[in-house]
Amino acid sequence: MMLYHGSPTEGLTRLLPAASALADTKEQLVYLTSLPTAALFYGVRCFEYAYGYNWKDGIPGGLHYIECFPDALRILYSGRAGFLYCCEAEGLAATQKPNEYVSLQPVDITGCTEIPDLYEAFLKAEREGELEIFRYETLSPKMLLHIEQTAAQIVKEQNLYQADTPFASYMREHYPKAFL
């Protein structure tokens, strides 16, 4: 089965297990997906990956991205290059996340494509029906309130009010209402 892994790092020949800051577990794993477009979100390192799946009757459908602040997709990905690694792997464990697979063992890379501008790649995926982009200005008041409340909760839980860290700066810049 062909699986994909996105990274900002060029020249990889093998994916090594590592702990993910985004996963619920600290277990060291290799993360792969069966969807190349989903892998592209990891072509840059950022503080949030706001993609998911449209669900219908309990079945995951198409991939989507939700802009959680104005022009988020462009701000995070425009002009930034990433690498889409291909791996032919069998027998990997599927996670609860649709199209995601993990390995406790290193996974050999069989190919790589450099993506010179990830933002342009996402716009192309949108045009081709592989990705639905929910732009900030089109979100419902209910969704905007949910985003605002979630950001405020993160600020409170991580006590970012006076913090001088890259994450606190990111949150101040993109979610200023969370600090009120």
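**Exercise 1. Which residue in β6 is the bridge partner of leucine 3?**

The model is predicted; local features need pLDDT of at least 70, side-chain atom pairs count only at pLDDT 80 or more, and totals for chains, interfaces and linings use all residues. Residues are numbered from 1 along each chain as its sequence is written, and side-chain values use heavy atoms, with hydrogens and water left out.

Step 1. Find the strands, which are DSSP runs of E with at least two residues, numbered from the N terminus. Strand β1 covers residues 2–7; strand β6 covers residues 82–88.
Step 2. Check the pairing, which requires at least two DSSP bridges between two strands. β1 and β6 run antiparallel, joined by 6 bridges.
Step 3. Read off the partner: cysteine 87.

**Exercise 2. Place β6 against β10, then judge its burial.**

Step 1. Strand β10 spans residues 111–115 and pairs with β6 in the antiparallel sense, over 5 bridges.
Step 2. Phenylalanine 83 stands opposite glutamate 114 of β10.
Step 3. Apply the burial scale: buried is under 20% relative accessible area, exposed over 50%, partly exposed in between (1.4 Å probe, protein chains only).
Step 4. In β6, 6 of the 7 residues are buried, so the strand is largely enclosed by the rest of the structure.

**Exercise 3. Explain why cysteine 46 forms no bond with cysteine 68.**

Step 1. Set the cut-off: a disulfide is a pair of cysteine sulfur atoms within 2.5 Å.
Step 2. The closest cysteine sulfur to that of cysteine 46 belongs to cysteine 68, 11 Å away, which is too far for a bond.
Step 3. Cysteine 68 is in no disulfide. The structure holds 0 disulfides.
Step 4. Add burial. Cysteine 46 is buried, at 16% relative accessible area. Cysteine 68 is buried, with a value of 16%.

Technical notes
Helices (H or I, at least four residues) and strands (E, at least two) are DSSP runs, numbered from the N terminus.
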